[in-house]
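Me: I'm new to this one and would like to learn how to read it. Could you walk me through it?

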Amino acid sequence: MIDWARVRHFKPWELGASWERLDPVLIYTLDDLREFIGHPIQVAPIHEAFAVTGHSPGGQHPKGQAVDCHVEGIPLLDAWLAAARFPAFLGIGLYPFWRHPGLHLETQNTAGAPRRARWIRESDGAYAAVTAARLHTLLTMIPPTPAA
């Protein structure tokens, strides 16, 4: 059960209609990420947390252990690197081709083993492991952020 007194930056409704089915560790870590980056994280209604349709039946969304989101005000790669600092996010997907480019964050990987998975969803919908070469290619596709 989620202790909402511990959650500083989210209200239940911001996490979707089935927020009560979400893993407390997912919520607490998402909240810690929000505190760390200092920028709003958008989940519902644009993205999803708990879901039984539109995602892999063996994935983490139907278990309440994954959230799709985007961070406002910082580049996608910076959000991805910030999320990688949190060990509870065992799976982190980078989705640069969404309408609102964002992240998939999960607290338990499908196999259940405590390994950290990192992937990217390509423009054609294919999934690929994040490698130095893939990041280099991705970085050359992203326009630079204007200086403040």
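Reply: Let's go from the overall layout to the aromatic rings, keeping in mind that this is a predicted model.

Me: Which pattern does the protein follow along the sequence?

Reply: Start by listing the helices and strands in order. Here there are 3 helices and 6 strands, and they run α-β-β-α-β-β-β-β-α.

Me: How much of the protein counts as buried?

Reply: Of its 148 residues, 43% do. As for the outside, the accessible surface is about 8,100 Å², with 58% of that belonging to carbon and sulfur atoms.

Me: How many aromatic pairs are there?

Reply: For this you look at ring centres and the angle between planes: centres within 6.5 Å make a pair, and planes over 60 degrees apart make it edge-to-face. The whole structure has 5 such aromatic pairs by the distance rule. One of them joins tryptophan 4 and tryptophan 19, at 5.6 Å centre to centre and 80 degrees between the planes, so edge-to-face. Both sit in the segment before helix H1 (24-37), 15 residues apart.

Me: Are those two tryptophans buried or partly exposed?

Reply: Buried would need under 20% relative accessible area. Tryptophan 4 has 22%, so it is partly exposed, and tryptophan 19 is partly exposed too, at 28%.

Me: Why is the pair of phenylalanine 86 and phenylalanine 89 edge-to-face?

Reply: Because their planes are at 65 degrees, with the centres 6.3 Å apart. Both of these residues are buried, and together with Phe36 they form one aromatic cluster.

Me: What sits over the ring of tyrosine 28?

Reply: That's the charged end of arginine 6, 3.7 Å from the ring centre.

Methods: Residues numbered from 1 in each chain as written. Predicted model: local features only at pLDDT ≥ 70, side-chain atom pairs only at ≥ 80, totals over all residues. Heavy atoms only, no water. Helix = DSSP H or I, 4+ residues; strand = E, 2+ residues; numbered from the N terminus. Buried < 20%, exposed > 50% of the residue type's maximum accessible area, 1.4 Å probe, protein only. Areas by Shrake-Rupley, 256 points an atom, 1.4 Å probe, with all protein chains shown as cover. Phe/Tyr/Trp six-rings, centres within 6.5 Å; stacked < 30°, edge-to-face > 60°. Lys NZ or Arg CZ within 6 Å of the ring centre and 35° of its normal.
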